[in-house]
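User: I'm new to this structure and would like a close look at one part of it. Could you walk me through the five-stranded sheet and what surrounds it?

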Amino acid sequence: MAKHKIFLGPADSGAPHALRVEGLAVDAVLPGSLVKQVAGGLETSDKAATVFDSQVLIAEEYGAHVGQDVDTAYTIGDVCLSANLRSGEFVNVRVATGNNLTAKGIALSSNGDGQFKIAATDGTEQVLLYSDEIVNVTANNTLVKARKA
């Protein structure tokens with residue numbers, strides 16, 4: 001099924017809009033990727049799964065009003081929009097090849113390149129999201145529905 005949005009919202013209708021963080025795209029940020037704030041704006045995150053912090057920023061699509069979609073990367077210098085996820089919110093995120101999500105609720109962590117991977121759940125990796133669909137990822141940058149941990 002084709003996916004058309006990154007931020008899907010909460011399970012209830014309490015706060016249906018994303019808590020947005022914006023900044024200039026420092027690199028060719030792809031919507032659905034984990035991003036981080038830097039002095040120049042927002043860039044694709046290189047955070048290792050073993051680095052623990054509290055902010056989970058997911059790059060959003062630029063918007064249909066300019067003819068872009070979830071597969072169009074931001075151009076360097078464009079204003080990049082990201083969702084600062086809150087507990088219980090759903091998004092479509094990029095998952096790396098070779099991750100076989102055999103059930104809903106599988107823990108996901110940073111892959112170190114803006115994508116996500118199945119997390120080690122022994123406390124050595126930070127769980128950022130939980131998958132909300134069953135899929136065997138056979139191509140890099142596949143969008144997978146997930147919710148904030």
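Analyst: Here is a tour that starts with the sheet, stops at a charged residue beside it, and then moves outward.

Keep in mind that this is a predicted model. The sheet is an open one of five strands, and if you walk across it you meet them in the order 2-6-5-3-4, with antiparallel pairing. Strand 2 (20–24) and strand 4 (41–44) stand at the edges, and each has a single partner strand, so one side of each has no neighbour in the sheet. The strands don't line up flat against each other either: neighbours are turned by 45° on average, ignoring direction. As general background, strands of a sheet pair through backbone hydrogen bonds, in a parallel or antiparallel way.

Let's go through some of the pairings. Strand 5 (residues 57–59) runs antiparallel to strand 6 (residues 79–84), and three bridges connect them. Here Ile 58 sits opposite Ala 83 of strand 6. Hang on to Ile 58, since this residue comes back when we get to the core. Strand 5 also pairs with strand 3, again antiparallel, this time over two bridges. One spot to look for is Val 35, whose bridge partner in strand 5 is Leu 57.

Moving on toward the edge, strand 3 and strand 4 pair in the antiparallel sense over four bridges. These two strands make a hairpin, with two residues between them. Within the hairpin, Lys 36 has Glu 43 in strand 4 as its bridge partner.

Lys 36 is worth a pause. Its side chain meets that of Asp 46 in a salt bridge, at 2.7 Å from N to O. This pair links distant parts of the chain: Lys 36 is in strand 3 (residues 34–38), while Asp 46 is in the loop between strand 4 and strand 5, 10 residues apart. Lys 36 counts as partly exposed, because its relative accessibility is 26%.

Now for the charged residue I promised: Glu 60. You'll find Glu 60 in the loop between strand 5 and strand 6. So is Glu 60 buried or exposed? Glu 60 is buried, because its relative accessible area is 4%, and buried here means under 20%. Its charged partner is Arg 20: the two form a salt bridge, with the closest N and O atoms 2.7 Å apart. This bridge also ties together distant parts of the chain, with Glu 60 in its loop and Arg 20 in strand 2, 40 residues apart. Arg 20 isn't hidden like its partner: at 48% relative accessibility, Arg 20 counts as partly exposed.

Who else is around Glu 60? Leaving out residues up to four places away in sequence, Glu 60 touches Ile 6, Phe 7, Ala 18, Arg 20, Pro 31, Tyr 74, Leu 81, Ser 82 and Ala 83. You've met Ala 83 already, as the residue opposite Ile 58.

That brings us to the nonpolar cores. The largest one has 22 residues, and the members touching the most other members are Ile 58, Leu 85, Val 93, Phe 116 and Leu 129. The elements that give two or more residues to this core are strand 7 (89–95) and strand 13 (142–148). Apart from it lies another core, of nine residues, including Val 21, Ala 25, Tyr 74 and Cys 80. Tyr 74 is also on the list of residues that Glu 60 touches.

Salt bridges turn up elsewhere too, and the count comes to 10. One of them joins Glu 125 and Lys 117, with the closest N and O atoms 2.9 Å apart. Glu 125 is buried, because its relative accessible area is 14%, while Lys 117 counts as partly exposed at 22%. Back at the hairpin, salt bridges that share partners join Lys 36, Glu 43 and Asp 46 into one network.

One last stop takes us away from the sheet. Thr 97 lies in the loop between strand 7 and strand 8 (100–101), and Thr 97 is partly exposed, with a relative accessible area of 42%. Setting aside neighbours within four places in sequence, Thr 97 is in contact with Val 137, Thr 138, Ala 139 and Asn 140. The side chain of Thr 97 reaches the backbone nitrogen of Asn 140 at 2.6 Å. For a sense of scale, the C-alpha atoms of Thr 97 and Val 26 are separated by 25 Å, and these two residues are 71 residues apart along the chain.

How values were computed: Residues are numbered from 1 along each chain as its sequence is written. This is a predicted model: local features need pLDDT of at least 70, side-chain atom pairs count only at pLDDT 80 or more; totals for chains, interfaces and linings use all residues. Side-chain values use heavy atoms; hydrogens and water are left out. A nonpolar core is a set of buried Ala, Val, Leu, Ile, Met, Phe, Trp, Tyr and Cys residues joined through side-chain atoms within 4.5 Å. Buried means under 20% relative accessible area, exposed over 50%, partly exposed in between (1.4 Å probe, protein chains only). Two strands pair if DSSP finds at least two bridges between them. Axes are lines fitted to C-alpha atoms, for helices over the stretch in contact, and angles run from 0 to 180 degrees between N-to-C directions. A salt bridge is a side-chain nitrogen of Lys or Arg within 4 Å of a carboxyl oxygen of Asp or Glu. Contact means heavy atoms within 4.5 Å. A polar contact is a pair of N or O atoms within 3.5 Å; within protein, one must be able to donate a hydrogen and the other to accept it, and residues adjacent in sequence count only if both atoms are side-chain atoms.
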